[in-house]
Each structure stands twice: as structure tokens, then as C-alpha cells.
Amino acid sequence: MRTYTTTASLRSALCEFRQQGQSIAFVPTMGNLHDGHLDLVRRARALCDIVVVSIFVNPLQFGANEDLDAYPRTMAADKEKLFSEGVQVLYAPTVEEIYPEGMHTHTQVQVPDLSETLCGSSRPGHFNGVTTIVNKLFNMVQPDVAVFGEKDFQQLSIIRKMVCDLCMPIQIEGVATARDADGLAKSSRNGYLNREQRRIAPTIHAVLTGCREAIACGFDNFLQLESHARMQLLQAGFEPDYFAIRDARTLRAVDEHTEEIAILAAARLGSTRLIDNVRLAVNPASDWGMLATQ
């Protein structure tokens, strides 16, 4: 595995692979890698000849009171994991390499509508930071395929729309959420949880799953389901940010044209913000009692 810290050196290396006719898959990360990240790497390796992983803690997507400085940086351990998975290229730039003139005057990429709801409401500017850095990394790597996790379902939806709207010749591949045995979605932020919080944390997935089962059984009062779910999270010790039942394609309210439902939640447990989601496909005959779960 070769590590590059500048765009020029990365492009030079990738040019050689392309000249040999090799396809390139890309996995952008902020490091502190866990099994969920490695699932993305394995999917990338199955799809293309060359796997490129980036590690960059992007300050542009952190809000004023968020955990940029505290975000775990574990480069040595991350390199060992990537090497073990057969990754050929690691791109680990500095902030100065990505934003040489600073962030305040830097061009930003915005995906309207999708970026303004759910996490976008409580973290203003967050998704502009995400789409800006992903766009830059796509231009640097120029991959055939880019792989993202479905745990960050809104982020995945936004990136897919950006790629479509900007006519980028990149296949966006989503990978199912990696979970611990008790259902908690794997996340770098899980390391912030103390022992008692870690015991409580799987409740968020249990509540999501219960809501999905209720819909699958024919309960279609979504406002009541959302309210009940928020109360369950409060009673368990969470501070809910949102619990929403949405059309999985548009992230708007479910209507008669919805083909897949996404149930999404974000909540704080202590100082740690957790997100998760589950989905279910709507029967074409609109038989709400025959919904197929995912």
C-alpha cells in the first residue's frame, strides 16, 4: 500500500493504473476505521482492480460546537487495517493541501432541498461541507466507483443526487449498515459512549425496527408513530433530534407514489450524537399489510 499526501502525487500514481486499463474504486473516510469502513473496502475490492481510500477529517463539515478537535485520529492503526484488506492506495492530505487559501473563501457545492431537512436542519452547513469535500476528492481520484455506507442514508442520498445533477461518470455504491450483535450501528462516535450509555444505545435501532414492523402490519398513522418513537427514546435516556418516516428517494413525506420508505432517527446520548435508519419497500398494490422489509 502506498500513501500519498498531495494531489499531484496521487494523480500521478493513479494515472499509471489507468494506463494499464485498471478500474478504480474509491472509499472516502475520516479515519478511525471500524468494521463498517472495512465492509466498504471489501465491496470496493470486489468491484474494481484498484482500491483508493482517503483519510481526511474535514473541518468544513463540522459546526462551531461540534467535535472536530476531539474527533479520534488513529492513522497508524488505520493503515494496518487497510493494508490487511489489500488496499493499494491511501490518500491522507493535510488541511492545507485541501484548503490552501483557507475555508472561508473556498468554493462550496450545495445540494438544495435534500440537504436542508433532517440532519441538515440541526447541523446547518454540514452537508455543504460534505458535498464540497466529496466533490473535490472525486475530482482528485476520478474513480469509476465510489462506495458509501447506508448508515448515513441522507448523506448517501445527497451524494447520489450531486453525482447525477453534475453528470459525474461515477457509480455510487451503497453498502448495508454494519452492526454489533445487539443491533447498534457501528460508528466512530460509539467510542465516546460510557458503559451505561453503550448499554442503552441499541434502543435506537430497536425503536426503528418496531416502527417498521408496525407499518408492515398496516399501521399508517405516521405522525402518531413518530411521536410514540420519540417518547420511547426520551424514556430510554436519549435527547431526540428527529424521528422521521419519509420517502426513501426524496426524503419528503410518504405519498401514493412512494416505492420505498425510510425511517430515520438522530438522537443524543450524553454528548454523543447517534444516527440510524431502516427501510421497507412498499407493495406496488399498496397493500400496507404486505410490505417487504429491508
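These are my notebook entries on the sheet, the helices and the aromatic rings of a predicted model.

**Entry 1, the sheet**

I began with the strand order and found an open sheet of six strands, arranged E1-E4-E3-E2-E5-E6 with parallel pairing. At the edges stand strand E1 (2-4) and strand E6 (171-175), and because each has a single partner strand, one side of each is left without a neighbour in the sheet. I also looked up the twist: neighbouring strands of this sheet are turned against each other by 25 degrees on average, with direction ignored.

I then went through two of the pairings. E2 and E3 run parallel and are joined by six bridges, and in this part of the sheet threonine 29 stands opposite isoleucine 55 in E3. E5 and E6 also run parallel, joined by five bridges, and here glycine 149 stands opposite valine 175 in E6.

**Entry 2, burial of E3**

How many of the six residues of E3 are buried? I found that six of the six are, so E3 is largely enclosed by the rest of the structure. Checking the two sides separately, I noted that Ile50, Val52 and Ser54 are buried on one face, while Val51, Val53 and Ile55 are buried on the other, which leaves both faces of E3 covered.

**Entry 3, helices on the sheet**

Next I asked which strands are touched by helix H3 (residues 75-84). Helix H3 packs on the sheet with contacts to E1, strand E3 (50-55) and strand E4 (89-91), and its direction makes about 170 degrees with that of E3. Helix H7 (residues 153-165) lies across E5 and E6, and I noted that H7 runs at about 170 degrees to E6.

**Entry 4, helix H6**

For H6 I looked up length and burial together. The helix has 16 residues and reaches 23 Å from its first C-alpha to its last, close to the 22 Å expected at 1.5 Å a residue. H6 is mostly covered, since 15 of its 16 residues are buried. Just after H6, I noted that glutamine 142 takes a positive phi of about 50 degrees.

I then turned to the packing of helix H1 (residues 7-19) against H6, where the angle is about 50 degrees and the axes lie 9 Å apart. That angle makes H1 oblique to H6. On the H1 side the contact is made by Thr7, Leu10, Arg11, Leu14 and Arg18, and on the H6 side by Asn139, Met140 and Val141.

**Entry 5, the aromatic rings**

I found four aromatic pairs in the structure and followed two of them. The ring centres of phenylalanine 26 and phenylalanine 138 are 6.3 Å apart with the planes at 70 degrees, so I recorded this pair as edge-to-face. Because phenylalanine 26 lies in strand E2 (residues 24-29) and phenylalanine 138 in helix H6 (residues 126-141), the pair ties together parts that are 112 residues apart in sequence.

Are these two rings buried or exposed? Phenylalanine 26, at 0% relative accessibility, counts as buried, and phenylalanine 138 is buried with a relative accessible area of 3%.

The second pair is phenylalanine 138 with phenylalanine 148, whose ring centres are 6.4 Å apart and whose planes stand at 75 degrees, so this pair is edge-to-face. Since phenylalanine 138 lies in helix H6 and phenylalanine 148 in strand E5 (residues 145-149), the pair ties together parts that are ten residues apart in sequence. Phenylalanine 148 is buried, with a relative accessible area of 5%. I closed the entry by noting that Phe26, Phe138 and Phe148 form one aromatic cluster.

Note on methods:
Residues numbered from 1 in each chain as written. Predicted model: local features only at pLDDT ≥ 70, side-chain atom pairs only at ≥ 80, totals over all residues. Heavy atoms only, no water. Phe/Tyr/Trp six-rings, centres within 6.5 Å; stacked < 30°, edge-to-face > 60°. Buried < 20%, exposed > 50% of the residue type's maximum accessible area, 1.4 Å probe, protein only. Pairing = 2+ DSSP bridges. Axes fitted to C-alpha atoms, helices over the stretch in contact; angles between N-to-C directions. Contact = heavy atoms within 4.5 Å. Expected span 1.5 Å × (residues − 1). Parallel < 35°, antiparallel > 145°, perpendicular 65-115°, else oblique.
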